[in-house]
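Please work through the following exercises with the coordinates open. Each task is followed by a solution in steps.

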Amino acid sequence: FIEQAGDQPWCAHLSYIKPHWPYMAPAPYHAMYGPNHVPPANRSEAELESPHPVVAAYMRHEESEAFQREEVRQTVIPAYMGLVKQIDDHLGRLFAAMEAQGRMDDTMIVFTSDHGDYLGDHWLGEKELFYEPSIRIPLIISDPEAPASRRGVREQRLVESIDLVPTFLGAHSVPREYKGRK
């Protein structure tokens with residue numbers, strides 16, 4: 001697709017379903033990580049004492065009850081990590097191909113996700129509530145036209161996906177061949 005675009009402007013939207021249930025990673029990713037790579041769950045016994053009724057209801061969901069068991073976390077999280085590594089490798093191949101075509105110098109890349117996953121943090125199993133593991137997701141923007149002062153900047157403020165299109169349109173709404181013309 002990128003090769004066929006030639007010098008014309010193009011846009012590609014890649015949406016990977018993984019990491020997502022079922023948490024099954026193909027070889028060799030299924031064996032790259034083990035229980036020794038699983039960080040402790042971010043949770044405390046105090047969260048179980050008197051949770052808000054909505055939080056308590058989510059804690060009783062099947063996936064939450066599963067992730068409350070350490071043996072589930074020790075099995076699933078290494079597969080989840082393998083699936084993340086698989087995405088890294090896919091993107092690495094894409095970026096290598098773009099580099100070979102000279103497209104890294106004229107292509108904005110935006111990497112993000114729609115949500116994180118609790119994987120047992122806060123005694124929860126998926127993503128429904130607004131704790132850090134479900135909302136603090138990656139947003140990485142590589143813009144070859146960004147000024148040097150904006151490169152490598154880490155933003156701590158809340159950003160929503162609704163902010164992305166207006167942000168991009170401000171800098172990139174006019175094709176390059178027309179910039180500077182009246």
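The exercises below concern a predicted model.

**Exercise 1. Environment of Thr107**

Task: Determine where Thr107 lies, whether Thr107 is buried or exposed, and which polar atoms its side chain meets.

Solution.
Step 1. Locate the residue: Thr107 belongs to the loop that runs between helix 5 (70–100) and strand 1 (109–112).
Step 2. Classify its accessibility. The relative accessible area of Thr107 is 8%, and the limit for buried is under 20%; Thr107 is therefore buried.
Step 3. Search for polar partners. A polar atom of the Thr107 side chain lies 2.6 Å from the backbone oxygen of Arg103. The side chains of Thr107 and Asp106 are joined by a polar contact of 3.0 Å.
Step 4. List the contacts, leaving aside residues up to four places away in sequence: Thr107 touches Trp10, Met98, Ser142 and Pro144.

**Exercise 2. Backbone geometry in loops**

Task: Establish what omega is near for the peptide bonds from Trp21 to Pro22 and from Ala27 to Pro28, and what phi is near for Leu119.

Solution.
Step 1. Omega is near -5 degrees for the bond from Trp21 to Pro22, which is cis. Pro22 is placed in the loop between helix 1 (2–5) and helix 2 (46–49).
Step 2. The bond from Ala27 to Pro28 is also cis, with omega near 0 degrees. Pro28 lies in the loop between helix 1 and helix 2.
Step 3. Leu119, a residue other than glycine, has a positive phi, near 50 degrees. The loop between strand 1 and helix 6 (132–135) contains Leu119, and Leu119 is buried at a relative accessible area of 10%.
Step 4. His122 is not a glycine, yet its phi is positive at about 60 degrees. His122 has its place in the loop between strand 1 and helix 6; at 11% relative accessibility, His122 counts as buried.

**Exercise 3. Surroundings of Arg151**

Task: Find which residues Arg151 touches, not counting residues up to four places away in sequence, and which backbone oxygen its side chain reaches.

Solution.
Step 1. Arg151 is in the loop between strand 2 (139–142) and helix 7 (164–172), and counts as partly exposed at 46% relative accessibility.
Step 2. With the sequence neighbours left out in this way, Arg151 touches Asp143, Pro144, Glu145 and Ala146.
Step 3. The side chain of Arg151 reaches the backbone oxygen of Pro144 at 2.8 Å.

**Exercise 4. Salt bridges**

Task: State how many salt bridges the count comes to, and describe the pairs of Arg69, Lys127 and Arg157.

Solution.
Step 1. Recall the principle: side chains of opposite charge can pair when their charged atoms come close.
Step 2. Apply the cut-off of a side-chain nitrogen within 4 Å of a carboxyl oxygen; the count comes to eight salt bridges.
Step 3. Arg69 pairs with Glu71, the closest N and O atoms being 2.8 Å apart. Arg69 is partly exposed at 42%, and Glu71 is partly exposed at 47%.
Step 4. Lys127 pairs with Glu126, with closest N and O atoms 3.7 Å apart. Lys127 is partly exposed at 31%, whereas Glu126 is buried at 17%.
Step 5. For Arg157 and Glu155, the closest N and O atoms of the salt bridge are 2.7 Å apart. Arg157 is exposed at 64%, whereas Glu155 is partly exposed at 38%.
Step 6. Arg43, Glu70 and Arg73 are linked in a salt-bridge network.

Terms used: Residues are numbered from 1 along each chain as its sequence is written. This is a predicted model: local features need pLDDT of at least 70, side-chain atom pairs count only at pLDDT 80 or more; totals for chains, interfaces and linings use all residues. Side-chain values use heavy atoms; hydrogens and water are left out. Helices (H or I, at least four residues) and strands (E, at least two) are DSSP runs, numbered from the N terminus. Buried means under 20% relative accessible area, exposed over 50%, partly exposed in between (1.4 Å probe, protein chains only). A polar contact is a pair of N or O atoms within 3.5 Å; within protein, one must be able to donate a hydrogen and the other to accept it, and residues adjacent in sequence count only if both atoms are side-chain atoms. Contact means heavy atoms within 4.5 Å.
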